[in-house]
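Subject: A structure for you to look at

Hello,

Here is the structure I promised to pass on to you. Please open it alongside this email, and then read on for what turned up in it.

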Amino acid sequence: MRLARIGGVAALLTCLVALSGLWRPRTTQTFSLLAVPRLAAKPLPSDELEIAGKIRFLSERVKRDPEDSLAQNMLASCFLQKVRETNNADYLRLAANAARLSLASVPAQRNSGGLSALTHAEFAAHEFISARDHAILLTQLDPGKGSVWAQLGDALLELGDYEKAAAAYDRMQRLGFTAAGAQTRLARFALLRGEAGEAHKLLVRALALALDSGAPPRETVAWCYWQLGEVAFSVGKYEAAEEHYRSALTSFPGYVNALSSLGRVRAARGDVREAIEHYEHAVRILPDPAFVASLGDLYKLTGRQGEAESRYALVEQIGRLAAANGAASNRQLVLFHADHELSADEAYQNAVQEFRERRDIYGADTVAWSALKAGRLTEASQTMKLALRLGTKDARLFYHAGMIARAVGDKTSSRDYLKRALALNPNFDPLQAEILRKALAR
């Protein structure tokens with residue numbers, strides 16, 4: 001029964017794709033990254049105490065009555081907010097558990113709130129296939145609700161099923177779901193297609209919607225500022241990127257994503273000392289392997305080799321712990337190994353294993369880059385074409401494509417890709433950008 005119902009939604013998505021092609025936002029005019037006036041940042045009040053009180057109250061309520069599905073759904077929602085604010089995986093497990101307990105007492109057919117919470121939790125845990133299947137069920141239970149099509153689009157996007165994701169987002173818009181969350185989704189898709197100006201415009205719209213609400217949610221506001229910074233950084237607009245990251249931190253002090261990105265942009269602007277300070281601050285809050293690896297790279301650049309090796313060892317340890325706990329994604333560790341010429345064959349095998357299910361462009365890039373380091377040049381070259389198929393403008397993608405072309409003897413393509421990377425974002429990575437320059441000089 002469930003397979004037949006899933007097939008029906010797939011047929012609908014296929015039909016929408018056929019009608020519209022690979023979807024674009026409703027407005028398609030060109031847009032400059034500097035065309036929209038900046039929205040001044042201001043400190044926003046924290047609702048941490050309020051959320052903590054809700055969690056205590058709801059926890060006591062479900063302790064007395066574990067079958068109270070409404071309370072379980074509300075508890076899952078609170079935990080998911082904590083996940084967004086802290087990136088703490090403990091809250092993610094609590095959210096998923098509350099959602100499952102809710103669905104155990106009231107089935108999905110009469111409990112779309114519990115199913116939606118579980119889908120959000122699975123998505124945040126990178127369990128994208130389960131999130132997709134549950135989102136499909138949500139669209140069948142409540143097809144007139146735009147937010148469920150947004151959830152389906154999110155899962156399809158991460159799985160690399162871009163045409164069906166486009167159709168889901170189009171359905172989301174047609175049903176009138178135009179909140180800040182809808183705009184950030186459309187911005188992400190625009191950036192994947194190489195449309196940085198369109199992404200910028202959509203994020204400004206999302207930020208305005210968030211700020212215009214009665215009580216602006218500071219995590220949403222900080223996320224929008226951070227994403228505006230990421231768009232600016234992606235095209236080498238370092239001053240604008242830094243301003244957006246600082247705005248995020250004004251709205252939400254200690255917002256770890258903005259802290260790490262501020263470290264990256266300070267390094268790109270040549271201030272390695274301050275970059276290290278920001279990364280150290282971010283790692284104290286959250287020892288994310290990408291943050292730790294970047295900090296190690298900056299230590300290496302400044303001659304602090306012992307500290308660099310210590311951070312690299314910590315990345316390995318985090319990766320092992322994540323694998324032991326059943327982490328659904330090891331992409332960060334694969335890229336760390338490939339960038340640092342470590343465990344090439346193991347990194348390649350891990351990349352291929354993930355790509356079997358999650359066939360997005362960055363998964364293809366991870367396979368191609370690790371294949372190059374493992375000496376599998378033909379596969380690296382072929383898979384890199386998949387990584388570039390949307391026309392994404394990303395200096396790291398161009399760098400990888402250039403180094404792969406160089407390895408297979410295609411000097412013309414290699415020079416073209418490497419020059420495109422430097423023209424777009426010359427300091428995209430403190431170590432890899434230097435390797436790029438040396439390769440181009442040779």
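Below I go from the whole chain to two of its helices and then to a handful of single residues.

Before anything else, please keep in mind that this is a predicted model.

**The whole protein**

If you colour by secondary structure, you will see one kind of element: there are 23 helices and zero strands. The C-alpha atoms fill a box of roughly 65 × 50 × 45 Å along the principal axes. How does the radius of gyration agree with that of a compact globule? For 442 residues such a globule would come out near 22 Å, and the protein has 22 Å, so the two agree.

Of the 442 residues, 50% are buried. The contacts are also worth a look: among those between residues at least 6 apart in sequence, 59% join residues at least 24 apart. As for the outside, the accessible surface comes to about 20200 Å², and carbon and sulfur atoms account for 53% of that. The protein carries 56 positive and 49 negative charges, and the mean positions of these two sets are 4 Å apart.

**Two helices to start with**

Helix α19 covers residues 361-373. Its 13 residues reach 19 Å from first C-alpha to last, close to the expected 18 Å. Is this helix largely enclosed or open? Eleven of its 13 residues are buried, so α19 is largely enclosed by the rest of the structure. The buried set includes Gly363, Asp365, Thr366 and Trp369, and it also holds Ile361, Val367 and Leu372. After the helix comes glycine 375, with a positive phi near 80°.

Helix α22, residues 411-424, is the other one I would pick out. With 14 residues, α22 reaches 20 Å between its end C-alpha atoms, close to the 20 Å expected at 1.5 Å a residue. Its buried residues are Ser414, Leu418, Ala421, Leu422 and Leu424. Which helices do the buried residues of α22 pack against? They pack against α11 (218-234), α21 (395-407) and α23 (432-441).

**Two serines in helices**

Serine 260 is found in helix α13, residues 256-268. With a relative accessible area of 6%, under the 20% cut-off, this serine counts as buried. Leaving aside residues up to four places away in sequence, serine 260 touches Tyr279, Ala282 and Phe291.

Serine 116 belongs to helix α5, residues 112-124. Its relative accessibility is 18%, so serine 116 also counts as buried, given that the cut-off is under 20%. With residues up to four places away again not counted, serine 116 touches Leu138 and Gln151.

**Two residues with positive phi**

Asparagine 87 sits in the loop between α3 (69-86) and α4. Although asparagine 87 is not a glycine, its phi is positive, about 60°. At 32% relative accessibility, this asparagine counts as partly exposed.

Glutamate 341 lies in the loop between α17 (331-339) and α18 (344-355). This glutamate has a positive phi of about 60° as well, and is not a glycine either. Is glutamate 341 buried or exposed? At 57% relative accessibility it counts as exposed, because the cut-off for that is over 50%.

**Two pairs to find on screen**

Leucine 101 has its place in helix α4, residues 89-105. This leucine is partly exposed, with a relative accessible area of 37%. Its C-alpha atom and that of valine 62 are separated by 9.7 Å, while the two residues are 39 apart along the chain.

Glutamate 346 lies in helix α18, and at 47% relative accessibility glutamate 346 counts as partly exposed. Valine 334 is twelve residues from glutamate 346 in sequence, and their C-alpha atoms are 8.4 Å apart in space.

If you would like one place to begin, try α19, where eleven of the 13 residues are buried.

Happy exploring, and best wishes

Definitions and conventions. Residues are numbered from 1 along each chain as its sequence is written. This is a predicted model: local features need pLDDT of at least 70, side-chain atom pairs count only at pLDDT 80 or more; totals for chains, interfaces and linings use all residues. Side-chain values use heavy atoms; hydrogens and water are left out. Helices (H or I, at least four residues) and strands (E, at least two) are DSSP runs, numbered from the N terminus. The expected span of a helix is 1.5 Å times one less than its number of residues. Buried means under 20% relative accessible area, exposed over 50%, partly exposed in between (1.4 Å probe, protein chains only). Contact means heavy atoms within 4.5 Å. The radius of gyration is taken over C-alpha atoms; the globule rule is 2.2 Å times the number of residues to the power 0.38. Accessible areas come from the Shrake-Rupley method with a 1.4 Å probe; for residues, only the protein chains shown count as cover. Lys and Arg count as positive and Asp and Glu as negative; His and the chain ends are not counted. The place of a charge is taken as NZ of Lys, CZ of Arg, CG of Asp or CD of Glu.
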